[in-house]
Amino acid sequence: MPPASPIATIRAAHTTDLPAITAIYAHHVLHGCASFEIDPPSTEDMTRRMDALRARDYPYLVAEQDGALIGYAYAGPYHPRVAYRDTVEDSIYLAPEAAGRGVGTALLGALIAECTARGYRQMMALVGDSANTPSIRLHQRHGFRTVGTLQSVGYKHGRWLDVVLLQRALGSGDRTPPRQALNPKDPDMPRPPPATATLPGLDLQSCMRDRVLGPGAMLLAGRARATATELVALIEAIARSAPFRRMSTPGGRMMSVAMTNCGALGWVSDSRGYRYMSRDPLTDLPWPAIPAAFASLAGQAAAEAGYPDFMPDACLINRYEPGTRLTLHQDRNEHDFSQPIVSVSLGLPARFLWGGLARTDPVQRIPLDHGDIAVWGGATRLAHHGIHPLAEGTNALTGRTRLNLTFRRAA
Ligand code: MD3
Ligand code: FE
């Protein structure tokens, strides 16, 4: 298995990326059916194409690993006629060695965020070759629906090729009229600045920190920022009926993190061990229900990371103060390890300790900021992890505190 290490960073493309982009695209033109070109374009051709997109403020992104470019994605006009001006078409190409590692998912997530912020309302994907299931699934994970198949419209590598059309809405989609272009008659005119304030949970600067942490594990940076105020208020309400408490480990040590729970099951630790309980041992009452805002955020994040049907029944709420830590451990009190875990960080930043499947594997430190969501599943579900002692600081929303929501399917 590949090492569970940060393998991709997403950032805006530079012109200096063009030779690498040209090489990746040439591979797909020569050997694949996703592109319907037959002759690989030159770096100059690719430069002209990038310039044309960027002059009109379409996003162009790259994925990088250890300084090497391993993939790129851009959005462009779906059709040149003017009434199509709010609809974009995406393109994503990965270096062959980067396939199947979540890099495409991270690129497409960031591209969707960029296009939404620019006010586009629909994104189309035209997948060359109906046998290209990785690309079709990638788009489905990001909420695209297949809207049709153009049959045998291409011929390449000795066979007729279909084009699968997939589509998803961006932002408010068709529920509201489009924002006015500066010159509505001319789709080439620059568009008004992005209305980031209206975005549900996505902001561009955070999205640029999205990372694939390992197979099945993704950092969705800043996705909880837009709802953070509401989340913190809901945590405070939960803590009024199920107070934060410091639990003791089975070995008799008091944990420095204060915890409470909501959901059908709550995680507890005492001299009898770690386990899930349907009632709060402090009050003998059922734990408070998972608020709808929690469930929808966790579900959306899991879907974005490739786990579309996540239905958590347990939400552990951890509260940290400066100096508080969580030592390296595995989460293994759940029944079904094929279910992912979704973690939402609020308030003070932390350094997440990210180890391997064996306790002695090397440990990396990954910064977790206010609003960051991490999703773990698949091969990394049982990775060792922890939180480095929290640094001193204050956060506008939570004061001298870090709050973490951990959503799990326990039963
Ligand atoms: C990586 N909480 O409560 S959640 C915990 O920030 C816990 O309070 C941490 O670990 C916190 O058990 C981090 C992130 C997390 C949760 C489960 C994982 C990361 C994981 C399982 C496998 C690998
Ligand atoms: Fe844990």
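Tutor: Let's start with a cut-off: a polar contact is a pair of N or O atoms within 3.5 Å. Please keep in mind that this is a predicted model.

Student: Then what makes Y320 a polar partner of ligand 1?

Tutor: A side-chain N or O atom of Y320 is 2.5 Å from an oxygen atom of ligand 1. That distance is within 3.5 Å, so the pair counts as a polar contact.

Student: How do you know that D331 and R408 make polar contacts with ligand 1 as well?

Tutor: The test is repeated for each. A polar side-chain atom of D331 lies 3.3 Å from an oxygen atom of the ligand, and for the side chain of R408 the distance is 2.9 Å. Both values are within the 3.5 Å limit, so both pairs qualify. As for the surroundings, the protein covers 98% of the 500 Å² of accessible area that ligand 1 has on its own.

Student: Which residues are the closest to ligand 1, and how many surround it?

Tutor: There are 20 residues around ligand 1, and the closest are N318, Y320, H385, R402 and R408.

Student: H385 is in that list of closest residues. What makes H385 a donor to the iron ion (ligand 2) too?

Tutor: The iron ion is coordinated by H329 (NE2), D331 (OD) and H385 (NE2), at 2.0 to 2.2 Å. A donor has to be an N, O or S atom within 2.8 Å of this metal, so these atoms pass. Along the chain, the donors follow the spacing H-x1-D-x53-H. H329 sits in strand β17 (residues 326-329) and H385 in strand β22 (residues 385-387), so this pair ties together parts 56 residues apart in sequence.

Student: Why is H329 called partly exposed, and why is H385 called buried?

Tutor: Buried means under 20% relative accessible area, and partly exposed runs from there up to 50%. H329 has 22%, so it counts as partly exposed. H385 has 15%, which puts it on the buried side of the cut-off.

Student: Let's turn to H139. Why is it called buried?

Tutor: Its relative accessibility is 3%, so H139 counts as buried. H139 belongs to helix α4 (residues 133-141). Beyond its neighbours within four places in sequence, H139 is in contact with D90, L108, A125, V127, F144 and L166.

Student: What makes the H139–D90 pair a polar contact?

Tutor: The two side chains come to 2.9 Å from each other, and that is within the 3.5 Å limit.

Student: Just before α4 there is a loop holding D129. How do you know whether D129 is buried or exposed?

Tutor: Its relative accessible area is 10%, so D129 is buried. D129 lies in the loop between β5 (122-128) and α4. The side chain of D129 reaches the backbone nitrogen of A131 at 3.0 Å. Setting aside neighbours within four places, D129 is in contact with C33, R159, L161 and D162.

Student: What makes A228 and L346 a pair that is far apart in sequence but in contact in space?

Tutor: They are 118 residues apart in sequence, with C-alpha atoms 7.1 Å apart. Contact is judged on heavy atoms within 4.5 Å, and on that test A228 is in contact with L346, H370 and L397. A228 is found in helix α6 (residues 228-241). At a relative accessible area of 1%, A228 is buried.

Student: Why are H157 and D284 singled out for their phi angles?

Tutor: Most residues other than glycine have a negative phi. H157 has a positive phi of about 50°, and D284 has a positive phi of about 60°. H157 is in the loop between β6 (145-156) and β7 (159-169), while D284 is in the loop between β14 (279-280) and β15 (285-286). At 45%, H157 counts as partly exposed; D284, at 52%, is exposed.

Student: Finally, how do you know whether the whole chain agrees with a compact globule?

Tutor: For 411 residues, a compact globule would have a radius of gyration near 22 Å, and this chain has 23 Å, so the two agree. The chain has 7 helices and 23 strands, and 52% of its residues count as buried.

Terms used: Residues are numbered from 1 along each chain as its sequence is written. Chains are lettered from A and ligands numbered from 1 in the order in which they are written. This is a predicted model: local features need pLDDT of at least 70, side-chain atom pairs count only at pLDDT 80 or more; totals for chains, interfaces and linings use all residues. Side-chain values use heavy atoms; hydrogens and water are left out. Helices (H or I, at least four residues) and strands (E, at least two) are DSSP runs, numbered from the N terminus. Buried means under 20% relative accessible area, exposed over 50%, partly exposed in between (1.4 Å probe, protein chains only). A polar contact is a pair of N or O atoms within 3.5 Å; within protein, one must be able to donate a hydrogen and the other to accept it, and residues adjacent in sequence count only if both atoms are side-chain atoms. Donors are N, O and S atoms within 2.8 Å of the metal (3.2 Å for Na, K and Ca); water is not among the atoms, so sites may look incomplete. A residue is near a molecule or strand if one of its heavy atoms lies within 4 Å of it. Accessible areas come from the Shrake-Rupley method with a 1.4 Å probe; for residues, only the protein chains shown count as cover. The radius of gyration is taken over C-alpha atoms; the globule rule is 2.2 Å times the number of residues to the power 0.38.
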